[in-house]
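These are my notebook entries from a first look through one structure. I went through a loop residue, then the ligand, then the salt bridges.

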Amino acid sequence: MESALKIITPFVTTHSFFIFPEDLNHTGNLFGGKILAEMDLVAARACRRILYGTKCDGAVTACLERVDFKAPAHLGDIIELNATITDLGRTSIKIKVLVYKETPIGETSMICEAYFTFVALRKGKPKAHQCILITPSTQHLN
Ligand SMILES: CC(C)(COP(=O)(O)OP(=O)(O)OC[C@H]1O[C@@H](n2cnc3c(N)ncnc32)[C@H](O)[C@@H]1OP(=O)(O)O)[C@@H](O)C(=O)NCCC(=O)NCCS
């Protein structure tokens with residue numbers, strides 16, 4: 001018998017880091033591959049929080065739909081990543097990730113946006129997560 005449904009209300013998962021010299025590409029900008037890896041990690045962390053208490057034992061990245069690198073970031077900037085669950089399928093979990101930079105003089109701006117799909121697994125196979133996302137637009141259904 002499947003476990004009870006888990007109700008998820010919107011939450012933001014955050015992660016941040018300082019840009020060190022080894023994070024730069026040859027132009028002196030934050031390396032795109034570094035940003036992608038950090039986005040994948042914050043999205044994975046959001047998925048993990050969803051799956052606590054379910055019968056799933058993990059989730060994998062299935063798809064990275066669109067990435068917009070809107071502005072560069074540089075040595076010494078602080079990068080903050082925010083992951084938000086936007087939709088839940090039977091086994092899939094859609095996540096929006098926004099990336100911001102904070103410069104050494106305190107100016108902040110968004111530098112990147114991407115949309116991930118993760119798939120919940122049990123023993124390496126897709127598994128229904130039994131989670132339902134309640135957003136302001138669906139709350140009237142209760
Ligand atoms: C992701 C993966 C588990 C899907 O397995 P699968 O057997 O093809 O899955 P299914 O066809 O049963 O689909 C399961 C769900 O995944 C979704 N899905 C599968 N491939 C997808 C893709 N490329 N993009 C978006 N969603 C996808 C399906 O829509 C379905 O969602 P739903 O249950 O919410 O309706 C499998 O392709 C895989 O293991 N890929 C490698 C993952 C990986 O190594 N990632 C990098 C490291 S984490």
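**Entry 1: a loop residue**

I began with alanine 128, which I found in the loop between β7 (125-126) and β8 (131-133). I kept in mind throughout that this is a predicted model. Is alanine 128 buried or exposed? I read a relative accessibility of 11% for alanine 128, so the residue counts as buried, the cut-off for that class being under 20%. Leaving out residues up to four places away in sequence, I noted that alanine 128 touches Cys56, Arg90 and Thr91. I also looked up leucine 51, which is 77 residues from alanine 128 along the chain, and found their C-alpha atoms separated by 10 Å.

**Entry 2: the ligand and its shell**

Next I listed the residues around the ligand, and wrote down Val60, Thr61, Ala62, Cys63, Gly89, Arg90, Thr91, Ser92, Thr117, Val119, Leu121 and Pro126. Arg90 and Thr91 are in this list, and I had already met both as residues that alanine 128 touches. Sorted by class, the shell has 6 nonpolar, 5 polar and 1 charged residues.

Which atoms of the protein did I find beside the oxygen and nitrogen atoms of the ligand? A polar backbone atom of threonine 61 is 2.9 Å from a nitrogen atom of the ligand, and a polar backbone atom of arginine 90 is 2.8 Å from an oxygen atom of the ligand. For serine 92 I noted a polar side-chain atom, which lies 2.6 Å from an oxygen atom of the ligand. The ligand taken alone exposes 940 Å², and I recorded that the protein buries 42% of that.

I then asked which elements give two or more residues to the shell around the ligand, and the answer was β3 (58-69) and β6 (108-122). Of the elements, β3 gives the most, with 4 residues.

**Entry 3: salt bridges**

How many salt bridges does the structure hold? I have 5 written down, and I followed some of them residue by residue.

The pair of glutamate 38 and lysine 34 has its closest N and O atoms 2.8 Å apart. Both residues lie in helix α1 (residues 32-51), where they are 4 residues apart, about one turn of the helix. Glutamate 38 counts as buried because its relative accessibility is 10%, whereas lysine 34, at 22%, counts as partly exposed. I also noted that Asp23 is linked with Lys34 and Glu38 in a network of salt bridges.

After that I turned to glutamate 113, whose side chain meets that of lysine 70 in a salt bridge at 3.5 Å, N to O. This pair links distant parts of the chain, with glutamate 113 in strand β6 and lysine 70 in the loop between β3 and β4 (78-88), 43 residues apart. Glutamate 113 is buried, with a relative accessible area of 15%, while lysine 70 counts as partly exposed at 45% relative accessibility.

Glutamate 113 also meets the side chain of lysine 96 in a salt bridge, for which I noted 4.0 Å, N to O. Here too distant parts of the chain are linked, since lysine 96 is in strand β5 (residues 92-102) and glutamate 113 in strand β6, 17 residues apart. Lysine 96 has a relative accessible area of 26%, so I entered it as partly exposed.

Methods. Residues numbered from 1 in each chain as written. Predicted model: local features only at pLDDT ≥ 70, side-chain atom pairs only at ≥ 80, totals over all residues. Heavy atoms only, no water. Near = heavy atom within 4 Å. Polar contact = N/O pair within 3.5 Å; in protein donor to acceptor, adjacent residues only side chain to side chain. Areas by Shrake-Rupley, 256 points an atom, 1.4 Å probe, with all protein chains shown as cover. Nonpolar A, V, L, I, M, F, W, Y, C, P; charged D, E, K, R; others polar. Buried < 20%, exposed > 50% of the residue type's maximum accessible area, 1.4 Å probe, protein only. Contact = heavy atoms within 4.5 Å.
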